[in-house]
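This report is for a reader meeting the structure for the first time. The sequence and the model come next, followed by notes on selected places in the chain and on the whole.

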Amino acid sequence: MERQAALPGTLLKMERMRQERGQKEVCYGVCVPSYLSKIEHGSVQPDPEILKKLFAKLGITWEADESVLGPCREQMEAYFYRMEYRLDTEEIYRTLAKKGDMLCYSPLTIDWLLIEGFELVYGNHKEGVSASHKTDNPVSLLASLKESMDSRQAAYYKLLLYWEDMKSPEGVRLCREASETLGSSFAMNVLCFAYIQQGEYSAIHQMENRVVAAALEEGNTYQLANYYFYKGTAYACLNLEDMMTVYYERNIRLLQNTAWKSELCDVYYNLGASYVSLKRYEKALEYLEKVEAQGQEYSAVSHKKALALIRSGRKEEARKFLEKMKNQLLTDPGSSEADYLKYEEACMECREGFLDAPEYLDLLERLMEALRREYHFGHLYFYRDVMVEACKRQRKYKKALEFEQEISSKTLKRDI
């Protein structure tokens with residue numbers, strides 16, 4: 001029996017159990033309990049009228065009319081296409097959301113839940129959509145429908161599982177399996193992102209031919225640029241300036257005359273942060289100012305501008321960016337522990353003799369732990385010099401050696 005044929009029975013069972021209703025109660029006057037059990041286990045193809053009556057017993061309308069579902073199916077296909085090409089999905093999503101209650105109990109349930117899941121990852125147009133049409137946790141609902149998914153749906157579901165917990169050791173495997181199934185530059189780039197999070201830089205470079213070929217065949221400019229971004233980032237994380245610049249410049253050329261302004265700003269930000277690490281502070285400020293020129297202002301930009309100014313001896317100028325960073329952190333609900341510790345570390349760099357202060361080393365150690373939990377290896381590498389120097393200045397040679405060994409071992413594993 002096809003996987004999709006089991007979907008109605010699974011949904012029926014989920015709703016019946018949610019309402020704490022027994023099989024006999026639900027099937028009374030419609031069918032015998034044994035037939036309902038077979039429907040719920042997906043071992044029979046139920047009569048459409050019986051199915052409709054069983055859902056009605058639960059106060060639900062099961063929509064299977066193709067004249068109603070056909071247009072929705074076309075819109076869903078358009079949604080997934082536009083999502084993979086990073087085109088605007090707002091109009092399609094709003095149209096589908098108006099039918100969200102109906103789609104939740106139809107043969108299109110899985111695709112609708114996938115769309116709801118991807119909206120949580122990529123969508124930025126939630127306002128104006130009725131709350132009744134939003135699914136609080138589509139990924140958890142999808143977990144109950146795995147046995148009813150086709151291979152494409154299962155691949156998208158694996159990508160959503162990855163986005164739910166990017167630190168999971170299973171993340172790379174999930175993305176790899178999804179990439180193999182979908183074969184699209186979109187899925188391959190999610191895998192590249194997973195490799196970035198794990199610091200597996202060599203794996204990103206090994207994917208170049210496949211990703212570039214797929215993006216060119218699809219005519220997917222965004223994903224081609226996205227791959228160059230990830231490859232540039234892999235070099236940037238290790239301060240390999242020449243190769244970083246090559247791939248970031250390719251990304252910029254593809255994006256600079258498009259509507260993808262925030263993505264372009266991400267490149268400028270990464271370049272700015274890399275040049276702070278490389279001690280080329282004027283170059284860093286040049287790129288960070290390009291981010292702000294695009295109207296993008298967030299705490300990470302203020303942080304890197306402050307550090308560039310502090311480390312180039314312009315501490316008074318840096319203070320206004322530290323204050324700006326503080327306000328941005330306080331107003332951003334997504335601010336993490338590491339973000340606040342970065343702020344505290346930058347403030348301490350304004351103090352004379354900060355490298356000799358025991359409290360500075362204590363702060364750095366707490367920051368390193370937070371970075372290990374919350375960010376990828378490149379963020380840890382950014383603080384390599386100050387961590388080692390502070391340890392040496394305070395005669396914590398063993399601690400300096402251990403940190404150097406940690407960085408070196410990870411760098412060797414990520415040799416590019």
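Just after helix H24, Arg 395 has a positive phi of about 60 degrees. Helix H24 covers residues 384-393, and its buried residues include Val 386, Met 387, Val 388, Ala 390 and Cys 391. Helices here are DSSP runs of H or I with at least four residues, strands are runs of E with at least two, and both are numbered from the N terminus. Buried stands for under 20% relative accessible area, exposed for over 50%, and partly exposed for what lies in between, with a 1.4 Å probe and protein chains only.

The model is predicted: local features need pLDDT of at least 70, side-chain atom pairs count only at pLDDT 80 or more, and totals for chains, interfaces and linings use all residues. Residues are numbered from 1 along each chain as its sequence is written, and side-chain values use heavy atoms, with hydrogens and water left out.

Two further residues with positive phi lie in loops. Glu 20, not a glycine, has a positive phi of about 55 degrees. Glu 20 belongs to the loop that runs between helix H1 (7-18) and helix H2 (23-27), and it is exposed, with a relative accessible area of 72%. Lys 279, also a residue other than glycine, has a positive phi near 65 degrees. The loop holding Lys 279 runs between helix H17 (261-277) and helix H18 (281-293).

**The whole protein**

What secondary structure does the protein contain? There are 25 helices and zero strands. The C-alpha trace spans about 85 × 45 × 40 Å along its principal axes. Of the 416 residues, 51% are buried. The exposed area is about 19,900 Å², of which carbon and sulfur atoms supply 49%; accessible areas come from the Shrake-Rupley method with a 1.4 Å probe, and for residues only the protein chains shown count as cover.

Contact means heavy atoms within 4.5 Å. Among contacts between residues at least 6 apart in sequence, 62% join residues at least 24 apart. The protein has 57 positive and 65 negative charges, and their mean positions are 3 Å apart. Lys and Arg count as positive, Asp and Glu as negative, while His and the chain ends are not counted. Each charge is placed at NZ of Lys, CZ of Arg, CG of Asp or CD of Glu.

**Aromatic rings**

How many aromatic pairs does a search of the whole structure find? The search finds 28. Rings of Phe, Tyr and Trp (its six-membered ring) pair if their centres lie within 6.5 Å; planes under 30 degrees apart count as stacked, over 60 as edge-to-face and the rest as tilted.

Why is the pair of Phe 55 and Tyr 105 edge-to-face? The ring centres are 6.2 Å apart and the planes stand at 65 degrees, so the pair falls in that class. This pair links distant parts of the chain, 50 residues apart: Phe 55 is in helix H4 (residues 48-57), and Tyr 105 is in the loop between helix H7 (100-103) and helix H8 (109-122). Phe 55 is buried at 0% relative accessible area, whereas Tyr 105 is partly exposed at 21%.

Tyr 81 and Tyr 85 form a stacked pair, with 4.3 Å from centre to centre and 25 degrees between the planes. Tyr 81 is partly exposed, its relative accessible area being 46%, and Tyr 85 is buried at 14%.

Ring pairs also link a cluster whose members include Tyr 79, Phe 80, Phe 118, Tyr 156, Trp 163, Phe 186 and Tyr 230. Arg 152 lies over the face of Phe 80, 5.2 Å from the ring centre. Over the face of Tyr 228 lies Arg 250, at 5.4 Å from the ring centre. A charge sits over a ring if NZ of Lys or CZ of Arg is within 6 Å of the ring centre and within 35 degrees of the ring normal.

**Three buried residues**

The table gives the accessibility of three residues that lie in helices.

| Residue | Helix | Relative accessible area |
|---|---|---|
| Asn 189 | H12 (residues 185-198) | 1%, buried |
| Leu 159 | H10 (residues 151-164) | 0%, buried |
| Ser 299 | H19 (residues 299-311) | 14%, buried |

Not counting residues up to four places away in sequence, Asn 189 touches Val 211, Gln 223, Asn 226, Tyr 227 and Tyr 230. With neighbours within four places left aside, Leu 159 is in contact with Phe 118, Cys 175, Ala 178, Leu 182, Phe 186 and Val 190. The C-alpha atoms of Leu 159 and Glu 147 are separated by 17 Å, and the two residues are 12 apart along the chain. Ser 299, leaving aside its neighbours within four places in sequence, is in contact with Met 325, Gln 328 and Leu 329.
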